[in-house]
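Good morning, colleagues. Please have the sequence and the structure open in front of you while I speak.

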Amino acid sequence: AFMEEGADAWFAADAKQRGVNPGDVYDSLETRFKSGVMVKAANGADVELSYTASQVSNSLQSLANAPSPENKGYLGLKLTMPLMRGAGVAVNQLGIDIAQADRKVTGESVRQQLAQRVMDGVYQYLLVQRAEERTRLRTRLHTVAAELEKEITSQHAAGLRSATELTEARASLALRRVQLAQAQQELEEQTNALQIFISARERLDNAPLRHTLVMPEPLETLDWQDAAPAPSTSPEALQQVMSRRPETRITALRVDREARRVEAAFDQSRPEFNFTIRYGKEDLSSGYRAPSQYLGSSVPYNSWSVGLTYKVGLYGDEKRDSDYQTALIRRRQAELAVGAIQQRVVNEVHSSQAVLERSRQQLGRQREIVQAQRELLGIEKNLTREGRKSAIDVMRKQQEVLTAEEALADAEAQTARSVYLAAQVDGRLLSLLGLE
């Protein structure tokens, strides 16, 4: 207690000698300016070259007969090298790798949507071609029906045909007329629907769509015979399909991206441990010194420091740990999605091949039917020339041939759709059409 009283008396005497009263208030004002350049190296190190200038004025400077304000300055270089969190080239490259993976995922998503859009356009194109062929065949059917009705009418007038046959011929002509009108209407509807996929190319700069009707080529000119992929049942062939499908590419990229995010989250969950070294020149004077003066002998005061900084939460970092656990869960989800996507692709491949095989079989049978009908038509014509059959029998056989040809056109359109669907499932649709 005696020593404390003596110290208080000494401080009080010193304050009285300097003119400081117990009720005085301490005031201080500092203005600081700092400029510099910081460069981050690939391994995570930060290199900073900076210049700092400040002015300090307070209520004690006048009492101590010190300059007011005081000017402080520092020019130096500082290196901070991370040893745990953020250390290494691979860790600092993770952000770029994740961004590149996102860009690739976006590109494959666009490719997937493009393939589906192209498939929709191809299917609509085939519908137009089928409607066009159906209209052509039903026009011929209507013409033959009109000729048949005319022939029966003339024979009925001559008493060679009954009224029942005449009624049947007229009913058949009416039916053919209705079927032709339906085919023409369907052709118009399908052609208008096709404009959705074509008219975008007709847009001019700042101009509305030109309503030009773009007619597709006839069905016979559609080159789809060689478009079907080879059977893909072997593991090697299925693996090639996997490598071409956008879905499998996207899932593989997502797995890689989530793995990189796990690495980044794990790095952020580690403690911060840095090595720091600083060297420069500093000055305290009554006047301002320009940065160039620090480079010479005008400022003889060197300043340097070397140290280690270790920062860790006493109770951990719940947010960083939660981010790391979330990244692990997302990576697991991406890995599980790979198997589901692969199984779906395999099922689609087998299903598309089965549909294609059935379509080809149906097409083959329909071609045989048409060929047989044409042969029968030839026989009917020969019998007519021999006088054993009438022209009415030939026209009725022509109607049967045209009906079989209409069914053949439907089978060809269905097979063409199955071919392009198999190409889409096989991952070759865009390359097949020259779009990639």
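Helix H7 is followed by Gly427, and the phi of Gly427 is positive, near 80°. I should state at once that this is a predicted model. H7 itself covers residues 391-426. Its 36 residues should span 52 Å at 1.5 Å a residue, and because the end C-alpha atoms are 52 Å apart, the expectation and the model agree.

H7 has a packing partner in helix H6, residues 318-385. The axes of H6 and H7 lie 8 Å apart, at an angle of about 165°. An angle over 145° counts as roughly antiparallel, so H6 is roughly antiparallel to H7. The crossing of H6 past H7 is left-handed.

I now turn to helix H2, which runs from residue 89 to residue 157. How far does H2 reach from its first C-alpha to its last? The 69 residues of H2 reach 101 Å, close to the 102 Å expected at 1.5 Å a residue. H2 nevertheless contains a kink of about 35°, and that kink is centred on Gly95. A second glycine deserves mention here: Gly159 follows H2, and its phi is positive, near 80°.

H2 packs with helix H5, residues 246-269. Here the axes are 9 Å apart and the angle is about 160°. H2 is therefore roughly antiparallel to H5. On the H2 side, the residues that make the contact include Val91, Leu94, Ile98, Ala101 and Val105, together with charged residues, among them Asp97, Lys104 and Arg111. On the H5 side, they include Pro246, Ile250, Leu253 and Ala264, as well as Arg249, Arg257 and Glu263. H2 passes H5 in a left-handed crossing.

The last part of my presentation concerns the sheet. In what order do its strands lie? This open sheet has five strands in the order E1-E2-E3-E4-E5, and the pairing is antiparallel. The edge strands are E1, residues 28-40, and E5, each of which pairs on one side only. On average, neighbouring strands of this sheet are turned by 20° against each other, direction ignored.

Let us follow the sheet strand by strand. Strand E2, residues 46-58, is joined to E3 by 11 bridges in the antiparallel sense. Within this pair, Glu48 stands opposite Lys78 of E3, and Tyr51 has Leu75 of E3 as its bridge partner.

Strand E3, residues 70-82, then pairs with strand E4, residues 272-285, over 12 bridges, again in the antiparallel sense. Which residue of E4 is the bridge partner of Asn71? That partner is Ser285. Further along, two glycines face one another: Gly76 stands opposite Gly280 in E4.

Finally, E4 is joined to strand E5, residues 302-311, by 10 bridges, and these two strands run antiparallel. In this pair, the bridge partner of Lys281 is Asn302 in E5. When you examine these strands on the screen, please bear in mind that side chains in a regular strand alternate between the two faces of the sheet.

Terms used:
Residues are numbered from 1 along each chain as its sequence is written. This is a predicted model: local features need pLDDT of at least 70, side-chain atom pairs count only at pLDDT 80 or more; totals for chains, interfaces and linings use all residues. Side-chain values use heavy atoms; hydrogens and water are left out. Two strands pair if DSSP finds at least two bridges between them. Helices (H or I, at least four residues) and strands (E, at least two) are DSSP runs, numbered from the N terminus. The expected span of a helix is 1.5 Å times one less than its number of residues. The bend at a residue is the angle between axes fitted to the seven residues ending there and the seven starting there. Axes are lines fitted to C-alpha atoms, for helices over the stretch in contact, and angles run from 0 to 180 degrees between N-to-C directions. Angles under 35 degrees count as roughly parallel, over 145 as roughly antiparallel, 65 to 115 as roughly perpendicular and the rest as oblique. A crossing is left-handed if the near helix is turned anticlockwise from the far one by less than a right angle, and right-handed if clockwise. Contact means heavy atoms within 4.5 Å.
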